[in-house]
Amino acid sequence: MKIYFINGIDAFDDGFIAECSTFFPQWRRDKMLNYKFLKGRVQNALAYLLLIYALKDEGVFNEMPEFYYGEHDKPYLKNYPDWHFNFSHCKNAVCCVLSRKEVGIDIEEVANFKESLAEYVSNDEELEFLHSSENQADEFYKLWTRKEAVFKMIGSGITKDIKNILKTDVSINSYKIGNTWMSIATAK
């Protein structure tokens with residue numbers, strides 16, 4: 001499993017989108033151009049480019065990736081059936097993970113700690129940990145990315161018990177990059 005990451009996405013402009021439009025498959029070009037704002041278009045384009053790069057890096061790329069979608073719109077690779085991937089983005093970064101196992105990834109910039117949100121998503125043990133932490137916001141966003149990565153791995157969306165999703169039998173790794181947390185969940 002490898003993680004592919006681009007930071008500083010504000011450096012990309014309309015010219016980048018125009019260039020991507022020249023070689024993206026029609027379905028992906030339409031999806032990219034369907035975003036109203038440039039940032040959404042850039043995030044969409046970079047995610048797809050990271051996936052192409054990942055497939056090339058693994059030595060398996062032979063055609064542009066095509067998707068089909070699971071019950072809750074989790075994308076799967078139609079033409080690379082032995083591979084699993086997932087995307088995530090935040091304000092200024094995009095990431096992609098490629099794996100032989102089911103995988104989910106989430107990335108979030110650390111923002112202010114909100115007690116009401118922490119209470120909504122955390123079980124008693126997690127809340128106790130957050131309340132005892134010196135940096136509640138930092139620990140909360142790490143926790144949040146871990147939960148979201150699991151939801152994305154199982155492809156359910158946030159439809160299951162958010163407070164106890166981390167009790168699922170998965171492997172989770174978390175990384176801090178500047179003021180951003182990234183977590184990856186894989187099936188064991």
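Are Lys147 and Glu126 buried or exposed? Both Lys147 and Glu126 are buried. The close-ups below start with this pair, and keep in mind throughout that we're looking at a predicted model.

**View 1. Lys147 and Glu126 form a salt bridge between two helices.**
Here the two side chains meet with N and O 2.9 Å apart. Lys147 belongs to helix α6 (residues 136–154) and Glu126 to helix α5 (residues 124–132), so this salt bridge ties together parts that are 21 residues apart in sequence. Why can two such side chains pair up at all? Side chains of opposite charge can do so when their charged atoms come close.

**View 2. Helices α5 and α6 cross each other.**
Zoom out a little from the salt bridge and you get the two helices themselves. Their axes come within 8 Å, and the crossing angle is roughly 150°. Since angles over 145 degrees count as roughly antiparallel, that makes α5 roughly antiparallel to α6. The crossing of α5 past α6 is right-handed. On the α5 side, the contact is made by Glu126, Phe129, Leu130 and His131. On the α6 side, look for Gln136, Glu139, Phe140, Leu143 and Lys147. So the salt-bridge partners from View 1, Glu126 and Lys147, turn up again in this helix contact.

**View 3. Lys39 reaches Asp10 in another salt bridge.**
The structure holds six salt bridges, and this is one of them. The closest N and O atoms of Lys39 and Asp10 are 2.8 Å apart. Lys39 sits in helix α3 (residues 38–57), while Asp10 sits in the loop between β1 (2–7) and α1 (14–23), so the pair links parts that are 29 residues apart in sequence. How exposed are the two partners? Lys39 is partly exposed, at a relative accessible area of 30%, whereas Asp10 has 55% relative accessibility and counts as exposed.

**View 4. Asp169 and Lys188 pair up in a salt bridge.**
The N-to-O distance in this pair is 3.4 Å. Asp169 comes from the loop between α6 and β7 (170–177), and Lys188 from the segment after β8 (180–187), so parts 19 residues apart in sequence are tied together. Both partners are exposed: Asp169 has a relative accessibility of 58%, and Lys188 has a relative accessible area of 65%.

**View 5. Three strands make an open sheet, with helix α3 packed on it.**
In what order do the strands of this sheet come? Reading across, the order is β1-β5-β4, and the pairing is antiparallel. At the edges you'll find β1 and β4 (84–90), each pairing on one side only. On average, neighbouring strands here are turned by 10° against each other, direction ignored. Between β1 and strand β5 (residues 93–99) there are six bridges. To find your way along that pairing, look for Asn7, which stands opposite Ala93 in β5. Helix α3 packs on this sheet and touches β1, β4 and β5, with its direction making about 35° with that of β5. That's the helix holding Lys39, from View 3.

**View 6. Ser21 in helix α1 and the residues it touches.**
Our last stop is a single residue, Ser21, found in helix α1. With 18% relative accessibility, Ser21 counts as buried. Leaving aside residues up to four places away in sequence, Ser21 touches Arg29, Met32 and Leu33.

Conventions
Residues numbered from 1 in each chain as written. Predicted model: local features only at pLDDT ≥ 70, side-chain atom pairs only at ≥ 80, totals over all residues. Heavy atoms only, no water. Salt bridge = Lys/Arg side-chain N within 4 Å of Asp/Glu carboxyl O. Helix = DSSP H or I, 4+ residues; strand = E, 2+ residues; numbered from the N terminus. Buried < 20%, exposed > 50% of the residue type's maximum accessible area, 1.4 Å probe, protein only. Pairing = 2+ DSSP bridges. Axes fitted to C-alpha atoms, helices over the stretch in contact; angles between N-to-C directions. Contact = heavy atoms within 4.5 Å. Parallel < 35°, antiparallel > 145°, perpendicular 65-115°, else oblique. Left-handed = near helix turned anticlockwise from the far one by under 90°.
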